[in-house]
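Work through the exercises below with the sequence and the model open. Each one sets a task and then gives a solution in steps.

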Amino acid sequence: MGDVTRDQLYSFMRSEKLYSGGFRSWMSKNHALFTKSGDTIELSYEGEQQAQAYLKDVFDGSEDESKYEPSRFTATPSTKAKTVKVKKSSQPQSREDLDLEPANAESLKDFMSRHHYKESSPQLCVLFVYYLKQIRKFQKVDQNHIYSCYRHMGVKLPKNIYHALADTISKNKWLMNISNLNLTSEGLNVVEHNMRKK
């Protein structure tokens, strides 16, 4: 899921006659569904799960589509907006199919040994994504892959993998697109020029 600018979102909301106090109140109360970075807004993991659930309800015919009509969000200010209950993101799982010591490619441990790093979440996250994307050429990398790398390396796990990745995206600017992780130009530079051993 790509990110959009705040202006793009508000412009779309106005075109669909959704830019109202009721809708903005709903967004405010359901801030866990969104990840904000500067002027851009992206669905969080919880937001993606909720959006998929909404779409499944509508397209498989199991729910009344009227519950998703715009009027539901455009109530007058005196009407309380319903807060969507969102399940906490599930605990990441190790990828049993992820071979980090392949016979035909560099292992994760050998790759890590060629780089200087502290056992901090941003540095580990950017190295793990670099290894999976640049060395192993994986098309899809998510928090389960990163969790597996932590476990394989035997380093201390962050309290929340998702938040560690979100911080690496928003604060360090080394990664992007949390649903399919990739490196920014800053992330490539920090691995290839700052962390690589001479």
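The exercises that follow concern a predicted model and go from the overall fold to single residues.

**Exercise 1. The fold**

Task: Determine how many helices and strands the chain has, and in what pattern they follow one another.

Solution.
- Step 1. Counting the secondary structure gives eight helices and five strands.
- Step 2. Reading along the sequence gives the pattern β-α-α-β-β-α-α-α-α-α-β-β-α.
- Step 3. Of the 198 residues in the chain, 36% are buried.
- Step 4. Take the contacts between residues at least 6 apart in sequence; 61% of these join residues at least 24 apart.

**Exercise 2. Aromatic pairs**

Task: Find the aromatic pairs, classify two of them by geometry, and state which helices they connect.

Solution.
- Step 1. A pair of rings is described by the distance of the centres and the angle of the planes.
- Step 2. With ring centres required to lie within 6.5 Å, the count is three aromatic pairs.
- Step 3. For F111 and Y131, the centres are 5.5 Å apart and the planes make an angle of 40°. An angle under 30 degrees would count as stacked and one over 60 as edge-to-face, so what remains is tilted, and this pair is tilted.
- Step 4. F111 belongs to helix α4 (residues 108-113) and Y131 to helix α5 (residues 121-135), so the pair ties together parts that are 20 residues apart in sequence. Both F111 and Y131 are buried.
- Step 5. For F128 and Y150, the distance is 5.3 Å centre to centre with 80° between the planes, an edge-to-face pair.
- Step 6. This second pair links F128 in helix α5 with Y150 in helix α6 (residues 143-153), 22 residues away. F128 and Y150 are both buried.
- Step 7. Ring pairs also join F111, Y130 and Y131 into a cluster.

**Exercise 3. A pocket and a cavity**

Task: Describe the lining of the second largest pocket and that of the largest cavity.

Solution.
- Step 1. The second largest pocket has a volume of about 320 Å³. Its lining has 16 residues, and those closest to the centre are H31, A32, F34, T35 and K36.
- Step 2. Elements that each supply at least two lining residues to this pocket are α1 (6-15), α2 (21-29), β2 (34-37) and α7 (161-172).
- Step 3. Sorted by type, the pocket lining has seven nonpolar, five polar and four charged residues.
- Step 4. The structure holds one cavity of 30 Å³ or more, and the space in the largest cavity is about 30 Å³.
- Step 5. The cavity is lined by T35, E42, Y162, A166, I169 and I178. Helix α7 gives the most to this lining, with three residues.
- Step 6. By type, the cavity lining divides into four nonpolar residues, one polar and one charged.

**Exercise 4. Two residues in helices**

Task: Are T168 and L132 buried or exposed, and which residues does each touch?

Solution.
- Step 1. T168 is in helix α7. Its relative accessibility is 0%, so T168 counts as buried.
- Step 2. The T168 side chain reaches the backbone oxygen of A164 at 2.8 Å.
- Step 3. Leaving out residues up to four places away in sequence, T168 touches S121, P122, C125, K173, W174 and L175.
- Step 4. L132 is in helix α5. With a relative accessible area of 0%, L132 is buried.
- Step 5. With the same exclusion of residues up to four places away, the contacts of L132 are L98, L100, K137, F138, V141, H145, I146 and C149.
- Step 6. L132 and I146 are 14 residues apart along the chain, and their C-alpha atoms are separated by 9.1 Å.

**Exercise 5. Positive phi**

Task: Where do K173 and N177 lie, and what is phi of each?

Solution.
- Step 1. Most residues other than glycine have a negative phi.
- Step 2. Phi of K173 is near 65°, a positive value in a residue other than glycine. K173 lies in the loop between α7 and β4 (175-176).
- Step 3. Phi of N177 is near 60°, again positive in a residue other than glycine. N177 lies in the loop between β4 and β5 (182-183).
- Step 4. The relative accessibility of K173 is 37%, so K173 counts as partly exposed. N177, at 26%, also counts as partly exposed.

Note on methods. Residues numbered from 1 in each chain as written. Predicted model: local features only at pLDDT ≥ 70, side-chain atom pairs only at ≥ 80, totals over all residues. Heavy atoms only, no water. 1 Å grid on protein atoms, 1.4 Å probe; cavity = no way out; pocket = protein on both sides within 12 Å on 5 of 7 lines; lining within 4 Å. Points joined across faces, edges and corners; volume = space filled by probe spheres on them. Helix = DSSP H or I, 4+ residues; strand = E, 2+ residues; numbered from the N terminus. Nonpolar A, V, L, I, M, F, W, Y, C, P; charged D, E, K, R; others polar. Phe/Tyr/Trp six-rings, centres within 6.5 Å; stacked < 30°, edge-to-face > 60°. Buried < 20%, exposed > 50% of the residue type's maximum accessible area, 1.4 Å probe, protein only. Polar contact = N/O pair within 3.5 Å; in protein donor to acceptor, adjacent residues only side chain to side chain. Contact = heavy atoms within 4.5 Å.
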